[in-house]
Each structure stands twice: as structure tokens, then as C-alpha cells.
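Visitor: I would like to understand how the labels on a model like this come about. Could you walk me through them?

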Amino acid sequence: MNQEKARRGVVQISEVANGLIDPVLAKRAGINTMLLGSWDEIAGPEFADCTRPEKIAWPRRASEMGGEGGHQPGVLTIACEGARALFLTHAQGELIQRINGFFGFYAIGQVRIVQKPVAAPPKPFRRPRPLVGEPARKLEAMVEGVESEALKAALRRLGTAVFSSRRRGV
């Protein structure tokens with residue numbers, strides 16, 4: 001019962017961030033963080049790494065234009081890398097079905113594909129320098145009682161990264 005009372009006041013940072021970001025995304029791009037977060041599942045393994053939803057252009061409501069009321073599906077703009085855009089064009093019918101299944105209604109009627117880089121270039125991985133002096137002795141003392149050599153090696157790598165980043169002031 002005490003845990004229930006304590007949990008009522010606890011809010012995950014993702015909930016706070018989504019609450020702040022969703023209105024901005026909805027106003028500027030017509031999408032929400034749920035779509036962005038689920039994009040890998042929606043796009044599937046063949047397009048998850050090379051595509052990103054950019055915005056949804058919703059048409060003006062028919063009631064605002066003096067016609068009948070009702071929902072009009074939007075146009076989803078998707079950024080796609082290079083030649084994969086051709087393959088995405090051929091699979092856009094299935095992608096539209098997946099997106100509409102995600103929303104739970106006929107939200108997207110058309111996909112517009114824009115060729116542009118999707119992912120930032122990966123940063124080169126740099127191994128931390130080996131520890132010397134007191135940090136090296138401290139790390140060895142910490143992993144001394146571990147029986148598994150594989151686990152001990154993994155803990156040494158982790159400890160080296162942690163202690164070396166502290167030493168640089170990061």
C-alpha cells in the first residue's frame with residue numbers, strides 16, 4: 001500500500017517529454033511521438049533503418065470548406081535514403097495499411113517519399129586508454145572475487161570506460 005502511494009507521484013521522464021513534445025509535433029508536423037517511437041515496427045525490418053516519418057499533411061476539413069463533414073485521410077511524408085526509395089515506392093500500399101492499422105482508422109491515404117539522409121553518420125568508436133596507477137589497482141581489487149573469466153573481462157572493460165571518463169572530467 002505504501003508503494004502505491006509512492007508511485008502515484010512518480011512520473012517517467014518519457015511521459016513528461018511526450019507531453020511537451022507531442023503538441024509541438026502535432027502543430028508543426030501533424031505526427032506524434034508514438035508514431036516516431038513505433039516506426040521501426042511499422043516500417044518493418046526492410047525499411048526501418050533507411051526511412052523516417054517527417055510529417056503528415058492533413059487536408060482541410062470538408063465542413064470548413066462548405067462541403068459535407070467527414071474525415072479526409074492525410075499524406076505522410078517519409079524521408080528515405082538513396083535507392084531504397086524505389087523499393088519503398090513499390091511497397092507503399094502495404095506500408096499505408098500498416099500505418100492505418102497503427103492509428104486504428106483510415107488516417108493516411110497517400111505516401112510522399114523524399115530522398116534524403118535519414119541517420120546521422122555514426123561516430124567512430126574509440127576504445128578508452130588502459131588505466132594506470134591508482135584507478136587500475138582499484139579496478140583490479142573490485143573484480144578480484146569474480147570467478148568467471150568472461151565476466152571479469154567484461155567488468156574490466158566497463159570499469160576502464162567508467163574510470164577513464166571520470167578522469168577526463170566528463
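Guide: Gladly; what follows goes from the overall layout to the sheet, one helix and a few side chains.

Visitor: What kind of model is it, and how many helices and strands are there in the protein?
Guide: This is a predicted model. The protein has eight helices and three strands, and along the sequence they follow the pattern α-α-α-α-β-β-α-α-β-α-α. Of its 170 residues, 25% count as buried. Among contacts with a separation of 6 or more, residues 24 or more positions apart account for 62%.

Visitor: What makes the pairing in the sheet mixed?
Guide: The open sheet has the strand order S1-S2-S3. S1 and S2 (residues 74–80) pair in the antiparallel sense over six bridges, while S2 and S3 pair in the parallel sense over seven bridges. Two strands need at least two bridges to count as paired, and with both senses present the pairing is called mixed.

Visitor: Why are S1 and S3 said to stand at the edges?
Guide: Strand S1 (51–57) and strand S3 (108–115) each have a single partner strand, so one side of each is left without a neighbour in the sheet. Neighbouring strands here are turned by 25° against each other on average, direction ignored.

Visitor: Which residues stand opposite alanine 79?
Guide: Alanine 79 in S2 stands opposite arginine 52, and also opposite valine 114 in S3. Another bridge pair joins isoleucine 56 and leucine 76, the latter in S2.

Visitor: What makes S2 mostly covered?
Guide: Buried means under 20% relative accessible area, and six of the seven residues of S2 are buried. That is what the phrase "mostly covered" refers to.

Visitor: How do you know that helix H6 packs on the sheet?
Guide: A contact needs heavy atoms within 4.5 Å, and H6 (residues 92–103) touches S1, S2 and S3. The direction of H6 makes about 120° with that of S3.

Visitor: How does the reach of H6 compare with the expected one?
Guide: The expected span is 1.5 Å times one less than the number of residues. H6 has twelve residues, and its reach from first to last C-alpha is 16 Å, close to the 16 Å expected.

Visitor: Why are the buried residues of H6 said to line one face?
Guide: Leu95, Ile96, Ile99 and Asn100 are buried in H6. Seen down the helix axis, the buried residues fall within an arc of 135°, so they line one face. An α-helix has 3.6 residues a turn, so residues three or four places apart point the same way. The buried residues of H6 pack against helix H4 (39–43), S2, helix H5 (84–90) and S3. Gln97 and Gly101 are exposed on the other side of H6. Just after H6, glycine 104 takes a positive phi of about 90°.

Visitor: Why is the pair of phenylalanine 102 and phenylalanine 103 called edge-to-face?
Guide: Ring centres must lie within 6.5 Å to pair, and planes over 60 degrees apart count as edge-to-face. The centres of phenylalanine 102 and phenylalanine 103 are 5.4 Å apart and their planes are at 70°, so the pair is edge-to-face.

Visitor: Then why is the pair of phenylalanine 103 and phenylalanine 105 called tilted?
Guide: The centres of these two rings, phenylalanine 103 and phenylalanine 105, are 6.1 Å apart and their planes are at 50°, so the pair is tilted. The count comes to two aromatic pairs, and ring pairs link Phe102, Phe103 and Phe105 into a cluster.

Visitor: Are the rings' residues buried, exposed or partly exposed, and what makes them so?
Guide: Under 20% would be buried and over 50% exposed, with partly exposed in between. Phenylalanine 102 has 29% relative accessibility, so it counts as partly exposed. Phenylalanine 103, at 23%, is partly exposed, and phenylalanine 105, at 42%, is partly exposed as well.

Visitor: What about proline 135: where is it placed?
Guide: Proline 135 is in helix H7 (residues 134–143). Its relative accessibility is 27%, so proline 135 counts as partly exposed. Proline 135 and serine 164 are 29 residues apart in sequence and 8.5 Å apart in space, C-alpha to C-alpha.

Note on methods:
Residues are numbered from 1 along each chain as its sequence is written. This is a predicted model: local features need pLDDT of at least 70, side-chain atom pairs count only at pLDDT 80 or more; totals for chains, interfaces and linings use all residues. Side-chain values use heavy atoms; hydrogens and water are left out. Helices (H or I, at least four residues) and strands (E, at least two) are DSSP runs, numbered from the N terminus. Axes are lines fitted to C-alpha atoms, for helices over the stretch in contact, and angles run from 0 to 180 degrees between N-to-C directions. Rings of Phe, Tyr and Trp (its six-membered ring) pair if their centres lie within 6.5 Å; planes under 30 degrees apart count as stacked, over 60 as edge-to-face and the rest as tilted. Buried means under 20% relative accessible area, exposed over 50%, partly exposed in between (1.4 Å probe, protein chains only). The arc is that of the directions from the helix axis to the C-beta atoms.
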